[in-house]
Amino acid sequence: MQTRVLAFMELDPPHSGHVIADALWECVTEWKIENKVMSITLDNASNNDVAVRDLKAKFKFRRGAKFEDMYFHVRCCAHIINLVVQDGTACMNTLASKLRETVKYFKKSVGRMHKFVEICRGLDLRIGAHLALDVCTRWSSTYKMIATGLPYKEALKDYAISDANYKWEPTSEEWKLFELIKPMLFSLSQVTTAFSAQAYPTANIFYPHIVSIKIALVKAMKHKNATYKQMGEAMMDKFNKYWAETNNVMVLATILDPRYKLLYVEWGFNELYDEDTATMETENMRIELFNLFEKFENEKKQSEKDSHVMFDVAIWVLENGV
């Protein structure tokens with residue numbers, strides 16, 4: 001897979017959708033690729049939604065019926081998952097904040113860190129990954145910070161007893177809650193890593209991962225633990241908010257992947273919906289796929305016909321010496 005930076009520009013305020021659309025259009029026309037652009041991916045900000053609408057109009061005017069506007073806007077999947085998890089894991093904010101302050105507290109003093117290591121050795125704890133600060137805007141780093149701190153929970157408890165200035169020991173209830181939701185957070189972390197790949201295409205793996213996420217969220221919404229259930233509901237609401245607008249380009253990519261095909265998509269619909277809805281969604285997907293194939297098949301035939309006409313004209317010119 002090839003990746004190239006075509007332009008890097010600074011936009012003067014206001015950063016409205018119209019300004020962003022004009023800048024992007026200027027870039028693609030400068031490179032003369034306006035007839036080759038299939039889709040665009042932007043972060044999920046409201047001004048970017050306006051930019052997409054403007055760009056659709058520009059491409060539609062330039063390319064006419066050949067422009068598939070329904071597949072044009074592909075939302076940033078990794079960004080949506082980041083928003084979904086951040087919105088749903090508010091219950092973990094206290095634990096994350098305590099661990100964040102703990103890491104800062106230890107890193108400010110070599111003596112404190114040495115003392116903590118000695119406590120770990122005294123408890124016969126295997127010293128593995130080091131405690132590390134997270135990046136607040138990247139939820140997967142927060143998950144990693146908490147998951148790394150989990151094996152040291154007993155050591156943190158002992159350290160709190162020995163250091164009166166240390167005030168950020170997580171409670172046992174906070175650790176238990178994290179252990180409860182850890183499997184789902186780990187799965188979401190793996191999905192984020194897969195979607196963020198740059199060395200290989202990810203369109204074909206989008207739908208399988210999305211199905212696994214929705215199945216996990218449905219299970220969370222049915223859980224007996226009230227906090228876990230509330231978290232699942234919040235994440236599902238955010239998930240549905242950003243993917244309410246239908247764009248089946250990723251589903252089509254999954255169907256074209258010989259490992260999945262339409263059979264996998266049909267299975268996914270049956271997992272996510274009731275029987276009638278799943279049957280309807282599968283049939284709609286089948287119709288959309290066949291319509292798209294028919295359109296490109298007709299375009300191919302027309303192109304071959306035009307090329308034959310041009311070839312016949314060239315022969316006539318040569319034969320008649322015109």
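**View 1. Trp25 is a buried residue.** Its relative accessibility is 15%, so Trp25 counts as buried (under 20% relative accessible area; exposed is over 50%, partly exposed in between; 1.4 Å probe, protein chains only). Phe59 is buried too, with a relative accessible area of 3%. This is a predicted model: local features need pLDDT of at least 70, side-chain atom pairs count only at pLDDT 80 or more, and totals for chains, interfaces and linings use all residues. Residues are numbered from 1 along each chain as its sequence is written, and side-chain values use heavy atoms, without hydrogens and water.

**View 2. Trp25 and Phe59 form an aromatic pair.** The structure holds 21 aromatic pairs (rings of Phe, Tyr and Trp, the last by its six-membered ring, with centres within 6.5 Å). The centres of Trp25 and Phe59 lie 4.9 Å apart and the planes meet at 85°, so this pair is edge-to-face (planes over 60 degrees apart; under 30 is stacked, the rest tilted). The pair links distant parts of the chain, 34 residues apart. Trp25 belongs to helix α1 (residues 17-30) and Phe59 to helix α2 (residues 46-63). Helices are DSSP runs of H or I, at least four residues, numbered from the N terminus.

**View 3. Phe67 pairs with Phe72.** This pair is edge-to-face, with 5.4 Å centre to centre and 65° between the planes. Phe67 and Phe72 are both buried.

**View 4. Ring pairs build a cluster.** They link Tyr105, Phe106, Phe116, Tyr152, Tyr159, Tyr166 and Trp168.

**View 5. Charges sit over Tyr105 and Tyr159.** Here NZ of Lys or CZ of Arg is within 6 Å of the ring centre and within 35 degrees of the ring normal. Arg112 lies over the face of Tyr105, 3.9 Å from the ring centre. The charged end of Lys115 is 5.6 Å from the ring centre of Tyr159.

Conventions
Helix = DSSP H or I, 4+ residues; strand = E, 2+ residues; numbered from the N terminus.
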